[in-house]
Amino acid sequence: MASLSDMRVMVVDDTEANIDILLETLGDDYKVVVATDGELADTLSVSVRINPQNDAPVITSLDAVEATGYEYFRYLATATDVDGPGLAFSFEGLPAWMDAASDSVYGVPDSDATDTFFTVVASDGSLADTLVVTLRVTQLLDAPALHLSGPNPFKGQTTIQYELPAETDVRLTIYDVRGREVVTLVDGKCPAGYHELMWDATNAQGRRVATGVYFARITTADYGKSVKMMVLR
Ligand SMILES: [Ca+2]
């Protein structure tokens with residue numbers, strides 16, 4: 001309940017007075033009785049509802065993360081808001097290799113990717129918190145790069161690219177979803193640089209494989225790397 005010490009009354013003139021009330025207690029109504037002074041008195045009950053103040057969200061996810069070249073990266077944004085749900089995230093200043101979902105950013109840094117930063121914004125609709133995230137990108141210079149440049153999922157054929165920092169023995173094999181070898185496309189010494197080949201969804205016997213998930217895997221003496229593919233009917 002309000003007490004007189006919570007109020008400050010300033011009489012303007014015979015017909016008007018200002019009453020300031022210090023509102024400290026969150027919650028439901030309470031009533032203030034205003035009386036005019038003099039021989040006679042009048043009273044008025046005033047209902048005051050004190051609504052909780054909206055507090056800004058606070059982002060709780062990391063402000064510094066690391067990614068590695070040609071490896072899948074994901075950053076999940078998290079935040080708290082004492083007023084409850086309804087938070088929405090947005091992301092600003094993303095590098096070209098990164099995409100945004102509702103609460104995360106993801107992507108595979110290419111060989112051009114370098115250290116960068118991006119901004120996370122968490123908003124409750126009226127108030128927002130922002131966080132600048134520092135992203136360190138490590139490029140494994142002696143590791144092979146492998147990715148698909150053709151369609152995926154695909155029906156006819158897709159294009160597999162790999163890049164070697166130095167001449168090395170390479171094996172590039174297609175596996176099915178159970179890890180069984182389907183066909184080996186490359187097996188032997190390969191020069192440094194950029195290579196590209198097609199896979200037409202056939203096995204070692206030249207027969208078309210079943211619809212489903214397959215993996216292209218490149219292995220060298222020190223590294224192995226896979227990409228996932230989907231063959232359609
Ligand atoms: Ca809020």
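How many bridges join S9 to strand S12, and in which sense do the two run? The count is 5 bridges, and the strands run antiparallel. Strand S12 covers residues 116-123. For one pair to look at, take Ser90: its bridge partner in S12 is Val121.

A word on the source. This is a predicted model.

Now the whole chain. The protein chain has 20 strands and 0 helices. It holds 233 residues, and 16% of them count as buried. Next, the contacts with a separation of 6 or more. Residues 24 or more positions apart account for 51% of those.

Back to the sheet. S9 and S12 belong to an open sheet of 4 strands. The order is S6-S13-S12-S9, with mixed pairing. Which strands stand at the edges? Strand S6, residues 64-68, and strand S9, residues 88-92. Each has a single partner strand, so one side of each is left without a neighbour in the sheet. From one strand to the next, the twist averages 30°.

Let's walk across from the S6 edge. S6 pairs with strand S13, residues 128-138, in the parallel sense. That pairing has 5 bridges. Within it, Val65 has Leu135 of S13 as its bridge partner.

Next step: S13 to S12. Here the pairing is antiparallel, over 8 bridges. Thr119 finds its bridge partner in S13 at Val132. S12 and S13 also form a hairpin, with 4 residues between the strands. Look at Gly125 in that hairpin: its phi is positive, near 105°.

One general point for reading the faces. In a regular strand, side chains alternate between the two faces of the sheet.

On to the cores. The largest nonpolar core has 16 residues. Which of them touch the most other members? Leu146, Tyr162, Leu172, Ala216 and Ile218. Five elements are worth finding on screen here. Strands S14 (145-148), S15 (158-164), S16 (168-176), S19 (212-219) and S20 (224-231) each give two or more residues to this core.

Zoom in on Leu146. Leave out residues up to four places away in sequence. Leu146 then touches Tyr70, Tyr162, Ala216, Ile218, Lys225 and Val227.

Apart from this core lies another, of 13 residues. Its members include Leu87, Val105, Val133 and Leu135. We have met Leu135 already: in S13, it is the bridge partner of Val65. So much for the tour.

Key:
Residues numbered from 1 in each chain as written. Predicted model: local features only at pLDDT ≥ 70, side-chain atom pairs only at ≥ 80, totals over all residues. Pairing = 2+ DSSP bridges. Axes fitted to C-alpha atoms, helices over the stretch in contact; angles between N-to-C directions. Buried ≥ 20, exposed ≤ 12 C-beta atoms within 10 Å, placed from the backbone. Contact = placed C-beta atoms within 7 Å. Core = buried A, V, L, I, M, F, W, Y, C linked by C-beta atoms within 7 Å.
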